[in-house]
Amino acid sequence: MEFYGREEETRKISRVLRKSGFQTLLIYGRRRVGKSELIRHCLQKESGYVLNYECKQTAEMNNVEGLSMLISEQFHFPELKYNSIESLLKDLFVRAQKERIILVLDEYPYLKTAVKGMDSILQSLIDQYKDSSSLKLILCGSYVETMKSLLMRENPLYGRIDLIIDLKPMDYYESALFYHDYSNEDKVRLYSVFGGIPYYSSRIDSSLSVRENIQELISSPGARLENEIPMYLKGEISKMTNTNEVFEALARGYHRYNDILSQSHVSSGPTLVDTLEKLIRMELVEKQSPINDPDNRKKSGYYICDQLSLFYFRYIFRYLSQRNIMDEDTFFDRYIEEDFNSQYVPRAFENICRQYLIRLNRKGKINPVFDRIGKYCYDGPVNRKNGEFDIVTEDPVGFIFYEAKFRRTPLSLSKIREEIEQVKSTGLNCYRYGFISSSGFDCEPDEHMIFIKLDDLFQ
């Protein structure tokens, strides 16, 4: 399978692996985000002995035997016998004094659980051999909290990590590389469902339509990814009832804390806080605060940031009973089609547009470079109604307002002027107004306007 994206991460890993002397790399991120594939991709370019071991959720000696077998195969040795993981690793540190060796301990938390004091064992070996051994040690894992704990001051490995990569889901641009044969409109639709997780994107069949892929992979009984979200949650969370309640409330459009509490039927405020914090740490939910009032808790909101989770709880979990007694086309027509096209995808398009602006900003293609991007909350002085704008940037000059439209018809000048007047009526003073339209425009921008077409997002 062809490897897509991750150019910056690949560059960083390759640079550290080619340094002289001992190096430790820590790579972590949520399940299915592509950590192991990234490591394999980087290792293809490396010389020397490569030991890529996936730790098992078993006892210490089972892991010792598995890693011993891998060492024997790579070095063409007869079967080796070690009495502990410490003696095995010590042997590798010593061998790496004369030979180039890269050791990957994938799913390191399993080994950490199986071996008492595993972090201390590594710390002792690193301190003993860091000046004489050229071993390259890569620790990788999906249990994000466990992996982050290795960076804490009280952990024995603190200060001994040379490169840290918190691997995030891909953005819309890199994700679309997996399904490059589709139109840009369909790339938006596919990303709105499968998001930035490479494992999900790689399962998309280019011979099928967007609808057919959704049915094949998630919305039909027995679909390949049907149990992906519930199984992932069960593996990380013990109290699934609260989690399901919170997810369903978020998927229905309730984002403020008090609204989530009243709509989710979670037993108490502290329980809701604990659930939200857990989902944020799992990178399934994010908290967004307005850029003009970041400390205002009442105006902050919680949003599902994993697209497949959002789709699952909006359409599948909510209508499981109906789905199980319907033909897959009837179910799609009745419970997904209209809302998906009129509400779901346009909202996902707003997220894509934010990502696009951030991509340009990082490359220095926005002048002046903006310092903040996000929602802007306002208290309407005319109609006395509170509201928010979804995409506003702030730079040294001031604010720029952006409106994202995923629609079938070009955006007209009259509609643009109407949007600008609405912004002005709230008291938000912008020095420019940006419009991103999936169907283009039937007019030309003046000096205070920015027009962005859908094709611009994928160039």
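The following exercises, with worked solutions, treat aromatic rings and one sheet in a predicted model.

Residues are numbered from 1 along each chain as its sequence is written. In this predicted model, local features need pLDDT of at least 70 and side-chain atom pairs count only at pLDDT 80 or more, while totals for chains, interfaces and linings use all residues, and side-chain values use heavy atoms, with hydrogens and water left out.

**Exercise 1.** Determine how tyrosine 110 and tyrosine 143 are arranged, and where they lie in the chain.

*Solution.*
- Step 1: Rings of Phe, Tyr and Trp (its six-membered ring) pair if their centres lie within 6.5 Å; planes under 30 degrees apart are stacked, over 60 edge-to-face, and the rest tilted.
- Step 2: For tyrosine 110 and tyrosine 143, the centres are 6.0 Å apart and the planes make an angle of 65°, an edge-to-face pair. The structure holds 28 aromatic pairs.
- Step 3: Helices (H or I, at least four residues) and strands (E, at least two) are DSSP runs, numbered from the N terminus. Tyrosine 110 belongs to helix H5 (residues 108-114), whereas tyrosine 143 is in the loop between strand S4 (136-141) and helix H7 (144-149), 33 residues apart.

**Exercise 2.** Decide whether phenylalanine 435 and phenylalanine 451 are buried or exposed, after describing their pairing.

*Solution.*
- Step 1: Phenylalanine 435 and phenylalanine 451 form an edge-to-face pair, with 6.5 Å between centres and 85° between planes.
- Step 2: Phenylalanine 435 is in strand S11 (residues 430-437) and phenylalanine 451 in strand S12 (residues 449-453), 16 residues apart.
- Step 3: Buried means under 20% relative accessible area, exposed over 50%, and partly exposed in between (1.4 Å probe, protein chains only).
- Step 4: Phenylalanine 435 is buried because its relative accessible area is 1%; phenylalanine 451, at 18%, is also buried.
- Step 5: Both residues belong to one aromatic cluster, which includes Tyr378, Phe389 and Phe401.

**Exercise 3.** State which strands lie at the edges of the five-stranded open sheet, and how S3 and S4 pair.

*Solution.*
- Step 1: Two strands pair if DSSP finds at least two bridges between them.
- Step 2: The order is S2-S3-S4-S1-S5, with parallel pairing.
- Step 3: Strand S2 (49-54) and strand S5 (163-166) are the edge strands, as each pairs on one side only.
- Step 4: Strand S3 (residues 101-106) and S4 pair in the parallel sense over four bridges. Isoleucine 102 has lysine 136 in S4 as its bridge partner.
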